[in-house]
Structure formats: structure tokens, C-alpha cells
Amino acid sequence: MGAAVKSGPVKIALVGMGWWGQKMLSVLQSAPEDIQVVRAVEPSIDAVRQLCADKGIALSADYADALNDPAVEAVVLATPHSLHTDQIAAAVAAGKHIFCEKPLALTKAEAERSVALCRDAGLVLGMGHERRFEPPVAEMLAMADAGTLGRIHQIEANFSHDKFLTLARDNWRLKADQAPAGGMTATGIHLLDLSVRLLGAAESVLCICEQLSSDLPQGDTVAAFVKFKGGGTSYVSASLANPFISRFAVFGSKGWIDIRDKAHVEAPDGWIVTSAMAGGPIITTEIGKAEPVKDNLVAFARAVRGADYPITGEHLVNNIALLEAVFASARSGRIEIVA
């Protein structure tokens, strides 16, 4: 049985207080009615000791401290990808809801295990796919669901940045066991998520990963061409060695939409949306700032309190099944079937 539904803000432990853990801590300061950080876990404890002291947040180096804390209702995992499966299992055993940064897992089998554990325990499993919560992306998904775009034919998407060029080359984000296909686990995974959200389970993928202009050990430029079981294709690309760009374009029989972020989600600055419907003009509009990282975490907290959460277990498993095939294709250079 899962934890009993309570009222008031969901009390969470932030596990992993690096770059992204600190980003989440920052945005959650503006959502006290929904979610409250009561504990932090960070192995490099000295690096965030003062930050947590200033915020009045209990800090320790041991994940078990968060799991054993009766005040903690949920854990938010901003940890290396390969740790997620075991950390989720431990949280389920402790009766804690889980919000996990992407990717959920590195294999379909692990994703299925985590989804099943949470489902069977009646616990919410949230996922760090904040792209779904960007206002123009949310509107695009609603239009697709309503049939306004018609039959979805193709997706074209790129999410690139050069933030990792300054990382030490032994950083976990650049290791073969954590990120075996360039930027796919850092940025491309969001585009795969939106692709399976729109087109369902993937059938096959061809992925090319190259090292073109840097010494990043797992490559700096990756592209994947995906064929879906129900028809339609998606071209997803990402670079870790060129300036920021984020573009997601959907082409349907009744209309198309091209969404471009004006800045990285770390410090969002709005979006430029170009679209056209059949028989109508091409229209370009600008969308103001929003904070999708916060909005995703708030949606998770509200799901803990009984609301629906839009990222389903089926979506999660389909995404990781595709990611696993992307890894296989990057190694083989051939089209790989999605499990």
C-alpha cells in the first residue's frame, strides 16, 4: 500500500544537489503552497553545506537518511542515471513517492521495473520532462490530442547547448555508462519523450553519434531517425558543442507548429512559435516567460495529493525502450529494432 493521502504542501527530499538539484531548489521557493523541501542529500556535502544552512534545510550525505525520515513524503532524484533504478526501488520500499530526473533508466527492463513497483505500491512516479510543461508545448499537445493538427506525419527537433564543454572529462555526465550517445541522455531524451507522446511506441531507429569539434569522450553530435509502429517519423538531433538551440516542430495533415525556445530552460526567457493551419497564413507569435521546471514539480506534488499526472507509465517505458535502441544503433551504425 502507498502512503496515505495528506493535505498541505508535499514535503520532499532533494537527492543530488549539483547543478540541476540547485536549480530545482531555486524554483521551488515560489511554490510553498504545493511543495516544501525539508531535506537534501549530497555526497559532496561541503559543497552545499552553506546553501542548505541558509535555506534551513537538513543536509546529509546518506540517501538512507531521507528514506528513514518520517517527515519526507517524496524524494526528488537528481542523480546519475545508472543509480535511478535502485534508488527508486529503495524509495518504494520506504513508502515514498518519487520524482526522477531524466532518463528514468538506461534499459527498457529497468523502466518497466520502476513503473511497476510504483504502480503496485500506489505511489506517484514523476519524471523530469519539463518540456511538456512549456506553455506552447502544452498547447501543441492539446491541439494534437484534439485532432486540430490532423494526422501527425513528421517531427523535427533539435536541443543543443555547449554547457558541458567546461565539465571535467571524468564527470559522470560524460561517462560511457551514463551517456553512451553524446547528448542523447542530456537533451535528446526530451525530444524522444515528446515524440513518443505524439506518435506512440517506436518501431526502429537509426542513430549516428560523432565527435566532430571537441574532445567530449562519448561524442558531441548525435542524430536519430525514428520510425513509429503506428506510422510517422521523428528526426531528433543534439549537439554538446554548439551554442544553445531548442526547436520542436510537428507536421500534421491539417497544420504544423514550430516551437523555438529563446533561452535554455535553466533560465527560460519565452518562446517563438510559428504555425500554419490548412488554408491559412503562416503566423509567428511570441510567448512570455514561464518556469516549466517548477510547473512539472508542482504537477507531481498535486498528483501526490490525488490529482492526475500527465506523464504515464506507458509513456515512460516507450521512451526508454526507444532510448535503449538509440544506444544500440549508435554502437552498431545500423537500424535497430525497438524492443
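In the predicted model, five aromatic pairs are counted. One of the pairs joins F159 and F244, whose ring centres are 6.3 Å apart. The planes of F159 and F244 stand at 90° to each other, and the pair is accordingly classed as edge-to-face. The two rings come from distant parts of the chain, with their positions 85 residues apart in the numbering. F159 belongs to strand β7 (residues 152–160), whereas F244 is located in the loop that connects β10 and β11.

Strand β7 is also a member of an open sheet of nine strands with mixed pairing. The strand order in this sheet is β14-β13-β12-β11-β7-β10-β9-β8-β15. At its edges lie β14 (283–287) and β15 (336–337), each of which pairs on one side only. Within the sheet, β9 (residues 221–228) and β10 (residues 233–239) are antiparallel and are connected by seven bridges. T221 has S239 of β10 as its bridge partner.

Two helices are found against these strands. Helix α9 packs on the sheet through contacts with β8 (202–210), β9 and β15. The direction of α9 makes an angle of about 45° with that of β8. Helix α6 (residues 135–146) lies across β11 (245–252), β12 (255–261), β13 (271–277) and the edge strand β14. Relative to β12, α6 runs at about 160°.

Pocket analysis of the model gives a largest pocket containing about 640 Å³ of space. Its lining comprises 35 residues, and those nearest the centre are W19, W20, A78, W172 and R173. Helices α1 (19–28) and α7 (184–199) each contribute at least two residues to this lining. In terms of residue class, the lining of the largest pocket consists of 17 nonpolar, eleven polar and seven charged residues.

The second largest pocket holds about 290 Å³ of space. Fifteen residues line this pocket, with L123, V124, L125, I311 and G313 closest to its centre. Two or more lining residues are provided by each of α5 (108–121) and α9 (313–332); the latter helix is the one that packs on the sheet. The greatest contribution to the lining of the second largest pocket is that of α5, which supplies three residues. The lining of the second largest pocket is made up of ten nonpolar, three polar and two charged residues.

Methods:
Residues are numbered from 1 along each chain as its sequence is written. This is a predicted model: local features need pLDDT of at least 70, side-chain atom pairs count only at pLDDT 80 or more; totals for chains, interfaces and linings use all residues. Side-chain values use heavy atoms; hydrogens and water are left out. On a 1 Å grid over the protein atoms alone, a cavity is a set of points where a 1.4 Å probe fits but cannot get out, and a pocket is an open set with protein on both sides within 12 Å along at least five of seven lines; lining residues have an atom within 4 Å of a point. Grid points are joined across faces, edges and corners, and a volume is the space filled by probe spheres set on the points. Helices (H or I, at least four residues) and strands (E, at least two) are DSSP runs, numbered from the N terminus. Ala, Val, Leu, Ile, Met, Phe, Trp, Tyr, Cys and Pro count as nonpolar, Asp, Glu, Lys and Arg as charged, and the others, Gly among them, as polar. Two strands pair if DSSP finds at least two bridges between them. Contact means heavy atoms within 4.5 Å. Axes are lines fitted to C-alpha atoms, for helices over the stretch in contact, and angles run from 0 to 180 degrees between N-to-C directions. Rings of Phe, Tyr and Trp (its six-membered ring) pair if their centres lie within 6.5 Å; planes under 30 degrees apart count as stacked, over 60 as edge-to-face and the rest as tilted.
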